[in-house]
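The exercises below go through one protein chain, from a single residue to the whole fold. Each has a task sentence and a worked solution.

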Amino acid sequence: MTDDTIPVRPDEGFDEDALADYLRGRLDGADGPLAVRQFGGGAANLTYLLDFTAAEPERQYVLRRPPRGPTPEGAHDMEREYTVLSTLHEPYPLAPEAFLYCGAPEVIGAEFFVMERRTGVVVRSGELPEAFADANDAPQRMSRALVDGLADLHAVDYDQIGLGDLGHPEGFIERQIDRGYERWQAARTDDLPADAADAMREAHDWLAAHRPPFREGALVHNDYKLDNLMLAEGDPGEAVAVFDWDMATLGDPLSDLGALLTYWAQPSDPAPFRQIAQMPLDERFPDRAALVRRYAERSGRDLAELRERLPFYHALGLFRLTVIIAQIYQRYRRGQTRDERFAALDRMIPVTARAAVDVAHGRFG
């Protein structure tokens with residue numbers, strides 16, 4: 001909801017006085033006393049509310065930093081997220097504006113950036129939020145807003161806003177496959193069942209053998225899903241923000257759509273997918289096929305061609321999700337986080353790995 005914050009977790013705090021000293025004179029309205037709370041959602045980067053309202057009404061910001069401990073090369077890149085958001089907010093209003101980047105880890109123990117705070121409703125697992133509970137068409141409306149936001153992002157002229165050097169669209173898919181498998185190998189823990197490794201090897205080999213030729217490049221979010229979207233509290237069909245841009249790059253736009261299908265849960269899905277759903281399991285939400293139709297309408301892409309090409313991207317999304325889950329579980333095993341939400345992730349790793357293989361061979365989707 002509008003206040004989606006909790007007290008800062010003990011193992012995820014930092015020197016708030018040092019931060020206040022650093023921000024003073026660098027950030028508008030940051031001269032007064034600082035109060036810090038933490039946004040409790042999310043599973044990787046740490047996000048905090050910076051509240052200066054004791055001195056100046058409605059003066060709040062959001063701070064983003066990487067998770068504690070070692071991180072994979074190229075992941076959790078706060079400078080990248082700052083670079084994207086400092087320019088993208090102009091042509092793409094759903095992107096919050098970023099104001100300040102600090103690459104000096106001595107301030108709070110890691111690099112970080114500060115962006116504007118937006119308020120609204122973030123829909124996660126469980127029941128629909130109270131703000132939308134009485135609107136029977138809320139699931140359909142928020143789903144349309146979600147897909148439209150993705151199609152509109154892919155239409156942004158990244159060269160025009162100075163992001164042409166953010167990445168290399170050609171070769172993007174190959175890098176996703178190869179680097180994903182390297183990260184999987186690095187993140188595997190010794191308590192994972194052997195069938196997880198077998199499934200990931202099979203998924204990797206299939207993806208490498210079936211990778212599509214390069215067709216087009218676009219600015220891609222790389223983690224686009226329902227709980228990274230914020231909606232207006234009074235209107236489930238009005239998107240007000242998209243969050244978590246640290247993996248944004250230039251690449252194949254259908255990888256974003258495949259990732260959205262990966263995270264999209266339906267009541268008819270197998271039990272393990274219902275258990276890790278990051279959205280309500282409500283039959284009023286459209287199915288994955290309906291999301292694809294809406295994306296085709298909004299983007300102007302050919303629906304038949306999308307349907308033919310998407311199994312590859314859906315399988316790639318599940319392959320990448322398995323890597324992400326393994327990385328999070330590894331951080332938990334190492335003690336880099338004590339967030340108990342991650343304690344049972346080891347049981348999901350073979351499930352998502354096998355799902356990637358099943359989608360590749362047309363057995364799930």
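Is Asp 152 buried, partly exposed or exposed? Asp 152 is partly exposed, because its relative accessible area is 31%; buried means under 20% relative accessible area, exposed over 50%, and partly exposed in between, with a 1.4 Å probe and protein chains only.

The model is predicted: local features need pLDDT of at least 70, side-chain atom pairs count only at pLDDT 80 or more, and totals for chains, interfaces and linings use all residues. Residues are numbered from 1 along each chain as its sequence is written, and side-chain values use heavy atoms, with hydrogens and water left out.

**Exercise 1. Describe the chain as a whole.**

Step 1. The secondary structure comes to ten helices and eleven strands; helices (H or I, at least four residues) and strands (E, at least two) are DSSP runs, numbered from the N terminus.

Step 2. The radius of gyration is 20 Å, close to the 21 Å that the globule rule gives for 365 residues, so the chain is as compact as a globular protein of that length. The radius is taken over C-alpha atoms, and the rule is 2.2 Å times the number of residues to the power 0.38.

Step 3. The C-alpha trace spans about 60 × 45 × 40 Å along its principal axes.

Step 4. Of the 365 residues, 54% count as buried. Carbon and sulfur atoms hold 44% of the accessible surface, which comes to about 15900 Å²; areas come from the Shrake-Rupley method with a 1.4 Å probe, and for residues only the protein chains shown count as cover.

Step 5. Among contacts (heavy atoms within 4.5 Å) between residues at least 6 apart in sequence, 70% join residues at least 24 apart.

**Exercise 2. Work out the strand order of the six-stranded sheet and place β3 in it.**

Step 1. The open sheet has the order β1-β2-β3-β4-β6-β5, with antiparallel pairing; two strands pair if DSSP finds at least two bridges between them. Its edge strands are β1 (5–6) and β5 (98–102), each pairing on one side only.

Step 2. Two bridges join β1 and β2 in the antiparallel sense, and Thr 5 has Phe 39 in β2 as its bridge partner.

Step 3. Strand β2 (residues 35–39) pairs with β3 over four antiparallel bridges, where Arg 37 is partnered by Leu 49. On to β4 (residues 60–65), β3 makes six bridges, again antiparallel, and Leu 49 has Val 62 as its partner there.

Step 4. In a regular strand the side chains alternate between the two faces of the sheet. From β3, Leu 46, Tyr 48 and Leu 50 point one way, while Thr 47, Leu 49 and Asp 51 point the other way. Six of the six residues of β3 (residues 46–51) are buried, so the strand is largely enclosed by the rest of the structure.

Step 5. Helix α2 (residues 78–88) lies across β4, β5 and β6 (112–116), running at about 155° to β5. Axes are lines fitted to C-alpha atoms, for helices over the stretch in contact, and angles run from 0 to 180 degrees between N-to-C directions.

**Exercise 3. Trace the salt bridges of Arg 298 and Arg 64.**

Step 1. Side chains of opposite charge can pair when their charged atoms come close. The structure holds 24 salt bridges, each a side-chain nitrogen of Lys or Arg within 4 Å of a carboxyl oxygen of Asp or Glu.

Step 2. Arg 298 and Asp 152 meet in a salt bridge at 2.8 Å, N to O. Arg 298 lies in helix α8 (residues 288–299) and Asp 152 in helix α3 (residues 138–154), so the pair ties together parts that are 146 residues apart in sequence. Arg 298 is partly exposed, with a relative accessible area of 42%.

Step 3. Asp 148 also lies in α3 and is buried, at 10% relative accessibility. Not counting residues up to four places away in sequence, Asp 148 touches Arg 294 and Arg 298.

Step 4. Asp 246 and Arg 64 form a salt bridge at 3.6 Å, N to O. Asp 246 sits in the loop between β10 (235–242) and β11 (249–251) and Arg 64 in β4, 182 residues apart. Asp 246 counts as buried at 7% relative accessibility, and Arg 64 counts as buried at 3%.
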